[in-house]
Amino acid sequence: MSVVDQGVPGAERTLGQLVAAATAEMSALVHDEIALAKVEIKQDVKRAGIGSGAAMAAGVLLLFSLPVLSFAAAYGIHNLGLGLAWSFLIVGVAFWLLAGLVGLLAYAKFKKVKPPVKTIESVKQTAALVGTVKPHERPLSDKAVGVARSSS
């Protein structure tokens with residue numbers, strides 16, 4: 001409680017004191033908000049780092065499993081009665097087809113990428129507007145003329 005709230009006679013604060021108190025409290029509030037934001041961001045960055053590390057580890061394990069699964073598929077086809085060379089050829093062609101499909105998907109997505117048309121138009125309009133603006137004529141003082149002449 002402040003002195004005014006306690007009902008002490010003659011203890012009213014001046015306008016300057018009220019402004020100083022409000023400024024100090026606002027500054028403290030801003031500092032507390034910044035500290036809270038730093039803590040939250042630090043936690044989020046830590047979580048994102050752990051998550052990206054786990055995703056990279058999963059990707060590496062997936063990459064290492066591809067040859068093993070390829071051999072398993074080829075030997076599985078071989079066990080169905082087809083020759084071993086043909087089995088490996090079938091698995092290789094299947095990977096080529098899969099790569100081709102993923103490549104087509106990537107090509108389709110990249111084809112849809114367009115330049116930022118609205119931004120380009122806005123920049124052109126701004127440049128056209130700035131190009132039409134002429135600087136204001138300013139009266140030259142005697143000192144400015146003398147400085148300009150002496151520097152040439």
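**Overall composition and an aromatic cluster between two helices**

The accessible surface of the protein chain comes to about 13,600 Å², and carbon and sulfur atoms account for 71% of this area. The model is a predicted one. Of the 152 residues in the protein chain, 4% are buried. The secondary structure consists of 4 helices and 0 strands, so that the order of elements from the N terminus reads α-α-α-α.

Helix α1 spans residues 15-79 and includes serine 70. The relative accessible area of serine 70 is 14%, and this residue is therefore classed as buried, the cut-off for that class being under 20%. When neighbours within four places in sequence are set aside, the contacts of serine 70 are with Val91 and Phe95.

Aromatic pairing was examined next. A pair of aromatic rings is described by two quantities, the distance of the centres and the angle of the planes. The structure holds 2 aromatic pairs. In one of them, the ring centres of phenylalanine 71 and phenylalanine 88 lie 5.3 Å apart, and the planes of these rings meet at 75°. The pair is edge-to-face because of this angle, given that planes over 60 degrees apart fall into that category. This pair connects distant parts of the chain, as phenylalanine 71 belongs to helix α1 and phenylalanine 88 to helix α2 (residues 84-111), with their positions 17 residues apart in sequence counted as the separation. Phenylalanine 71 has a relative accessible area of 46% and is thus partly exposed. Phenylalanine 88, with a relative accessible area of 30%, is likewise partly exposed.

Phenylalanine 88 also pairs with tyrosine 75: the centres of their rings are 5.7 Å apart and the planes stand at 85°, so this pair too is edge-to-face. Here again distant parts of the chain are linked, with tyrosine 75 in helix α1 and phenylalanine 88 in helix α2, 13 residues apart. Tyrosine 75 shows a relative accessibility of 41% and therefore counts as partly exposed, a class that lies between the limits of 20% and 50%.

Taken together, Phe71, Tyr75 and Phe88 form one aromatic cluster. Within this cluster, phenylalanine 71 and tyrosine 75 are contributed by helix α1, whereas phenylalanine 88 is contributed by helix α2. Serine 70, by contrast with these partly exposed rings, is a buried residue of helix α1.

Methods:
Residues are numbered from 1 along each chain as its sequence is written. This is a predicted model: local features need pLDDT of at least 70, side-chain atom pairs count only at pLDDT 80 or more; totals for chains, interfaces and linings use all residues. Side-chain values use heavy atoms; hydrogens and water are left out. Helices (H or I, at least four residues) and strands (E, at least two) are DSSP runs, numbered from the N terminus. Buried means under 20% relative accessible area, exposed over 50%, partly exposed in between (1.4 Å probe, protein chains only). Accessible areas come from the Shrake-Rupley method with a 1.4 Å probe; for residues, only the protein chains shown count as cover. Contact means heavy atoms within 4.5 Å. Rings of Phe, Tyr and Trp (its six-membered ring) pair if their centres lie within 6.5 Å; planes under 30 degrees apart count as stacked, over 60 as edge-to-face and the rest as tilted.
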